[in-house]
Amino acid sequence: MGNLTRIAACHAAPVFLSAKATTAKAISLIQEAAGNKANLVVFPESYIPAFPIWSALRAPTENHELFKRMAVESVFVDGDEMNAVRATAKQLGVLVSIGFSEKVRYSSATLFNSNLLIGTDGEILVHHRKLMPTFYEKLTWAPGDGHGLQVADTAFGKIGFLICGENTNPLARYALTAQGEQIHISSWPAVWPTRIPQSVTSALSSSDAKANGDEGKTAGPSVARGVNYDNVAANRTRAAAHCFEAKCFGVLCAGVLGDDAIETVASGAGAPDLVSQALQQSSRGATMFLDTTGTLLPGFTIDSQTSAREQRDLLQEKEGILYVDVDLGDCIEGKQYHDIAGGYQRLDVFELKVDRRRRQPALFE
């Protein structure tokens, strides 16, 4: 067994739409994880200041004020919030991966779904903007670029990450594999509903069936017939595929939906009770670890009072920090079978070009 890397995945809710308060909470969690000897501390997608879940359940015409709050509370990559996180990482000598909604100085409303990997010296190792916002996320975030498709070679492993739906993109995943990635971070929201849960609409559906003369009829299982998005299965499937192909460890870090988020999103909606029930009953994301074959890797929690450990497969409903110790030497064996960026690849047949230029609205000479 070689040197172990301890990873801490923070399964946490933001202080909804408050960059200052959420940053303070993030710093507290980093301090707790560092006190438990973590080398890498990971946060969910768009942790600061929030994930714009309102776009899933409310019409765009209802969301102007929420978007305005999101724009105001989003943070600059070189602003006070990120500088505070960087200072904490440096002070404690830990790596930090954190998702945030990024605003830019050339626009008052252009936002990016971004993630930073911060080194133990407080320097930014990777600054990534999600390549393409997914589905209703396009109502909040602009497309990013390839600048952040980088793997950082650190003392605790070669670390890369993708944000949420990007983990579906085989080219983005291969770009990281081609850089020798050993630890892959995938960040996720607390919920990601694609429709109102059936439990919320069942009464309405029953009434409609009677009115249409369809009572007693049933349809086979189909996404098109009302199945909501399964956060746990969908996220694990994508992450496990990458771990198996890249022979790397996987860190799936999802957010938690707080009561403040439910109250804020439901308030002002055209159907507040429906929105509130839909959020409460939507499938929750889970925080977990995977080994280099894509198999679930049990982690553990550490009691803040007694320091007692409890083995856990995942965290889902309640906040907490899930830890795991990984041996990077375990990334070697599987590459004997399939080293898809090395000896198992046909570089004479396939060629991938990645444009890493950071895009700007104009070039001034």
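Glu45 counts as buried in this predicted model, at just 3% relative accessibility. Its salt-bridge partner is Lys130, with the closest N and O atoms 3.9 Å apart. Glu45 sits in the loop between β2 (40-42) and α2, while Lys130 belongs to the loop between β5 (124-129) and β6 (152-154), so the bridge ties together parts that are 85 residues apart in sequence. Lys130 is buried too, with a relative accessibility of 1%. The pair is also part of a network of salt bridges that links Glu45, Lys130 and Glu137.

In total, the count of salt bridges comes to 14. Another of them joins the side chains of Glu245 and Arg173, at 2.9 Å from N to O. Here again distant parts of the chain are linked: Glu245 is in helix α7 (residues 231-246) and Arg173 in helix α5 (residues 170-177), 72 residues apart. The two ends of this bridge sit in unlike surroundings, since Arg173 counts as buried at 9% relative accessibility, whereas Glu245 counts as partly exposed at 33%. Asp355 and Arg357 make a salt bridge as well, with their side chains meeting at 2.6 Å, N to O. Of these two, Asp355 is partly exposed, with a relative accessible area of 30%, and Arg357 is exposed, at 53%.

Turning to the nonpolar interior, nonpolar side chains tend to be buried together in soluble globular proteins. The largest nonpolar core in this model has 29 residues, and Phe43, Val96 and Ile98 are those with the most contacts inside it. Quite a few elements chip in: β1 (4-11), α1 (19-35), α4 (80-92), β3 (95-103), β4 (111-118), β11 (299-302) and β14 (320-327) each supply at least two residues of this core. The biggest giver is α1, with six residues. As for Val96, leaving aside residues up to four places away in sequence, its contacts are Ile30, Val41, Phe43, Val85, Ala89, Leu116, Leu117 and Ile118. Apart from this core lies another, made of 25 residues, with Leu17, Trp192, Ala266 and Val275 among them.

Helix α3 (residues 64-73) has a clear inside and outside. Leu66, Met70 and Ala71 are its buried residues. Viewed down the axis of α3, they fall within an arc of 140°, so they line one face of the helix. That buried set packs against α2 (54-57), β3, β4 and α8 (259-266). On the face of α3 turned away from the buried side are the exposed residues His64, Glu65, Lys68 and Val72.

Some nonpolar side chains do show up on the surface. Leu171, Leu352 and Val354 make a nonpolar surface patch of about 250 Å². Within this patch, Val354 comes from the segment after β14 and is partly exposed, with a relative accessible area of 36%.

A last point concerns Asp80, a residue of helix α4. Asp80 counts as exposed, at 66% relative accessibility. Between the C-alpha atoms of Asp80 and Leu322 there is a separation of 28 Å, the two residues being 242 residues apart along the chain.

Notes
Residues numbered from 1 in each chain as written. Predicted model: local features only at pLDDT ≥ 70, side-chain atom pairs only at ≥ 80, totals over all residues. Heavy atoms only, no water. Core = buried A, V, L, I, M, F, W, Y, C linked by side-chain atoms within 4.5 Å. Buried < 20%, exposed > 50% of the residue type's maximum accessible area, 1.4 Å probe, protein only. Helix = DSSP H or I, 4+ residues; strand = E, 2+ residues; numbered from the N terminus. Contact = heavy atoms within 4.5 Å. Arc of directions from axis to C-beta. Patch = residues over 30% accessible without salt bridge, like charges linked within 9 Å, V, L, I, M, F, W, Y side chains within 5 Å. Areas by Shrake-Rupley, 256 points an atom, 1.4 Å probe, with all protein chains shown as cover. Salt bridge = Lys/Arg side-chain N within 4 Å of Asp/Glu carboxyl O.
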